[in-house]
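Me: I would like a close look at one part of this model. Pick a single residue, then work outwards to the rest of the chain.

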Amino acid sequence: MKKGYIIGQITITDPKKYQRYASETEKIIKKFGGRYLIRGGNQFIAEGKPRGNRDVVVEFDTLEKAKEFYESEEYAKIIDIRKENSTGYILLVEGY
């Protein structure tokens, strides 16, 4: 079965305020069966121009589970914290 992934590349603009989002998101991800594969860490830019300086990859059992997390009431309550304190993109994708 194909896995589902959430991939984000962001730049945090207010680390202090963003911390609440990061800690609450971790609990919600676990509730939906997700697990972090990448959460920050050093980058080596081999090609192109990144759209952020922080990478996040979360794996779920299926793309549907990733969507359930992203569209959940729990996540909706905190998504504005990310939007107000970071820039970048979030992508949901199916993979192996």
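Reply: Y5 is buried, because its relative accessible area is 12% and the cut-off for buried is under 20%. All of this rests on a predicted model. Y5 belongs to strand 1. Beyond residues up to four places away in sequence, Y5 touches L37, V57, V58, E59, L91, L92, V93, G95 and Y96. V57 is in strand 3, and L92 is in strand 4. The last name on the contact list, Y96, lies 91 residues from Y5 along the chain, yet their C-alpha atoms are separated by 9.5 Å.

Now the strand around Y5. Strand 1 covers residues 3-12 and runs antiparallel to strand 4, residues 86-95, with 10 bridges joining the two. I6 faces L92 across that pairing. Strand 1 also pairs with strand 3, residues 54-60. That pairing is antiparallel too, with 7 bridges. I7 stands opposite V57 there. Q9 has D55 as its bridge partner in strand 3.

Strand 3 has another partner. It is joined to strand 2 by 4 bridges, again antiparallel. R35 stands opposite E59 of strand 3. Burial fits this picture: 6 of the 7 residues of strand 3 are buried, so the strand is largely enclosed by the rest of the structure.

Strand 2 spans 35-39. One charge-over-ring arrangement involves R39 and Y36: the charged end of R39 sits over the Y36 ring, 4.3 Å from the ring centre.

Next, the loop that follows strand 1. T13 lies in the loop between strand 1 and helix 1. Leaving out neighbours within four places in sequence, T13 contacts E84, N85, S86 and T87. S86 and T87 fall in strand 4, residues 86-95. The C-alpha atoms of T13 and R82 are separated by 9.6 Å, with their positions 69 residues apart along the chain.

Now the core. Nonpolar side chains tend to be buried together in soluble globular proteins. Here the largest nonpolar core has 17 residues. I6, Y21, V58, F60, F69, Y75 and I78 touch the most other members. The elements giving two or more residues are strand 1, helix 1, strand 3, helix 2 and helix 4 (79-85). Helix 1 gives the most, with 5 residues. I6, opposite L92 in strand 4, is thus a residue of both the sheet pairing and this core.

F60 deserves a closer look. Setting aside residues up to four places away, F60 touches K3, G4, I6, I29, F32, G33, G34, K65, A66 and F69. Two of these, F32 and F69, lead to the aromatics.

Rings pair if their centres lie within 6.5 Å. By this rule the count is 6 aromatic pairs. F32 and F69 form one of them: 6.3 Å centre to centre, with 70° between the planes, an edge-to-face arrangement. This pair links distant parts of the chain. F32 lies in the loop between helix 1 (15-31) and strand 2, while F69 is in helix 2 (residues 63-70), 37 residues away. Both F32 and F69 are buried. F69 also pairs with Y75: the centres are 4.6 Å apart and the planes are at 40°, so this pair is tilted. Y75 is buried, as is F69. The grouping goes further, since Y18, Y21, F32, F60, F69, Y70 and Y75 form one aromatic cluster. Y21, F60, F69 and Y75 are also among the core residues that touch the most other members.

Finally, the whole chain. It has 4 helices and 4 strands. Along the sequence they follow the pattern β-α-β-β-α-α-α-β. Of the 96 residues, 36% count as buried. Among contacts with a separation of 6 or more, 78% come from residues 24 or more positions apart. Y5 and Y96, 91 residues apart, touch. The C-alpha trace spans about 30 × 30 × 15 Å along its principal axes. The radius of gyration is 13 Å, which agrees with the value near 12 Å for a compact globule of 96 residues.

Notes
Residues numbered from 1 in each chain as written. Predicted model: local features only at pLDDT ≥ 70, side-chain atom pairs only at ≥ 80, totals over all residues. Heavy atoms only, no water. Phe/Tyr/Trp six-rings, centres within 6.5 Å; stacked < 30°, edge-to-face > 60°. Buried < 20%, exposed > 50% of the residue type's maximum accessible area, 1.4 Å probe, protein only. Lys NZ or Arg CZ within 6 Å of the ring centre and 35° of its normal. Pairing = 2+ DSSP bridges. Core = buried A, V, L, I, M, F, W, Y, C linked by side-chain atoms within 4.5 Å. Contact = heavy atoms within 4.5 Å. Rg over C-alpha atoms; globule rule 2.2 N^0.38 Å.
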